[in-house]
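Here is a short walk through one protein model and the ligand it holds. Keep the sequence and the 3D view side by side as you read.

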Amino acid sequence: MRTRVKICGLTRIEDALQAVNSGADAIGLVFYEPSPRYVDIAKAREIAAQIPAFVTVTALFVNPSKEQVEQVLSEVRIDLLQFHGQEPGEFCRQFGRNYIKAVPMREETDLVQIAAEFHDCSGLLLDTYKPGVPGGTGETFNWQWIPQTFAKPIILAGGLTPENAGQAIEAVHPWALDVSGGVEASKGIKSAEKISRFMQEVMRRV
Ligand SMILES: O=C(O)c1ccccc1N[C@@H]1O[C@H](COP(=O)(O)O)[C@@H](O)[C@H]1O
C-alpha cells in the first residue's frame with residue numbers, strides 16, 4: 001500500500017487534472033484570501049466539478065468564520081475540511097464533516113495532547129512552524145520530532161518536493177504527504193513535470 005498524496009493550492013483546472021491523472025489521492029482548494037493560491041467559490045466550483053469519484057476534494061481554511069465554511073460547503077463539492085489556523089476542536093467538528101487539522105511543528109509540540117483535542121479528526125497534518133505564516137512556507141521541519149507510531153494518521157507537509165518525497169516516506173512512514181509549493185512553476189501555478197515526478201517518487205516506495 002503506497003503513501004497517499006494530496007496536492008494542495010490548485011487554482012487552475014488543468015493543474016487539478018494533471019494531479020488526478022498523475023495519481024494524486026486528494027486535491028486542495030485554498031479558501032484563505034491572503035494566499036497566492038486563494039480560489040473564490042466560482043473557481044472552486046469549476047475545479048471541483050472536474051474531479052472524478054474517489055479523489056478527495058479538500059477545502060483549506062485558516063481561522064474561518066462558521067458562515068464562510070457553511071457557504072463553501074453549500075456551494076462546492078467538498079469531501080474533506082482542512083483547518084490550518086488556531087481553530088479549536090469544537091469549531092472543527094460543528095460541520096459534521098470529515099476534517100484534518102494542521103499542526104505547526106516545534107520541538108516541544110505535544111502531539112498526544114493535540115490528538116486528544118482533535119480526537120475525531122481524520123488525520124493530523126504536520127506542517128512547518130513559521131511565526132506569522134500559517135502554511136505554504138515551502139520549508140521542512142525536523143522530521144525526528146514525529147513519533148514513529150501514533151494514534152492518528154500523520155499527513156506530512158512543509159517543504160516537500162520531488163527531491164525529498166522519497167526520503168520523507170522512508171524517514172517518517174506517514175499516512176500521506178501534502179505538497180503545494182514543491183510542485184509549482186510559480187506561486188499558484190503548478191508544474192506538470194514536478195507533479196508527475198513527485199508522484200513517481202512516491203510510487204517507487206510501494
Ligand atoms: O498554500 C498556502 O498558501 C497556504 C496558506 C495558508 C495555510 C496553508 C497553506 N498551504 C498548506 O501548507 C502546507 C505546506 O505547503 P508547502 O508544500 O510547504 O508549500 C500544505 O498543507 C499546504 O496545503
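Start at the ligand. There are 23 residues around the ligand, and C8, S35, R37, G136 and G181 come nearest. Keep in mind that this is a predicted model.

What classes of residue make up the shell around the ligand? Polar residues number 11, nonpolar residues eight, and charged residues four. Two strands are worth finding here. β6, residues 124–128, supplies at least two residues of this shell. β8, residues 176–179, likewise supplies at least two.

Now look at the ligand's oxygen atoms. One oxygen atom is 3.3 Å from an N or O atom in the side chain of D127. Backbone atoms take part as well. A polar backbone atom of G159 lies 2.9 Å from an oxygen atom of the ligand. For G181, a backbone N or O atom is also 2.9 Å from a ligand oxygen. How much of the ligand does the protein cover? On its own, the ligand has 510 Å² of accessible area, and the protein covers 98% of that.

Next, follow β8 away from the ligand. β8 pairs with strand β1, residues 4–7, in the parallel sense. Four bridges join the two strands. In one of them, V5 has L177 of β8 as its bridge partner.

β1 has another partner. Strand β2, residues 26–30, pairs with β1, again in the parallel sense, over two bridges. Here K6 stands opposite A26 of β2. Which helix joins β1 and β2 in a β-α-β unit? Helix α1, residues 13–21, completes the unit, which is right-handed.

Finally, step back to the chain. UniProt, in an unreviewed entry, lists residues 5–200 as "domain: N-(5'phosphoribosyl) anthranilate isomerase (PRAI)". Over residues 5–200, the chain is 29% helix and 22% strand. The C-alpha atoms at the two ends of that stretch are 11 Å apart.

Key
Residues numbered from 1 in each chain as written. Predicted model: local features only at pLDDT ≥ 70, side-chain atom pairs only at ≥ 80, totals over all residues. Heavy atoms only, no water. Near = heavy atom within 4 Å. Polar contact = N/O pair within 3.5 Å; in protein donor to acceptor, adjacent residues only side chain to side chain. Areas by Shrake-Rupley, 256 points an atom, 1.4 Å probe, with all protein chains shown as cover. Nonpolar A, V, L, I, M, F, W, Y, C, P; charged D, E, K, R; others polar. Pairing = 2+ DSSP bridges. Right-handed = clockwise from strand over helix to strand, strands pointing away. UniProt positions renumbered as here; feature names shortened; annotations may be inferred.
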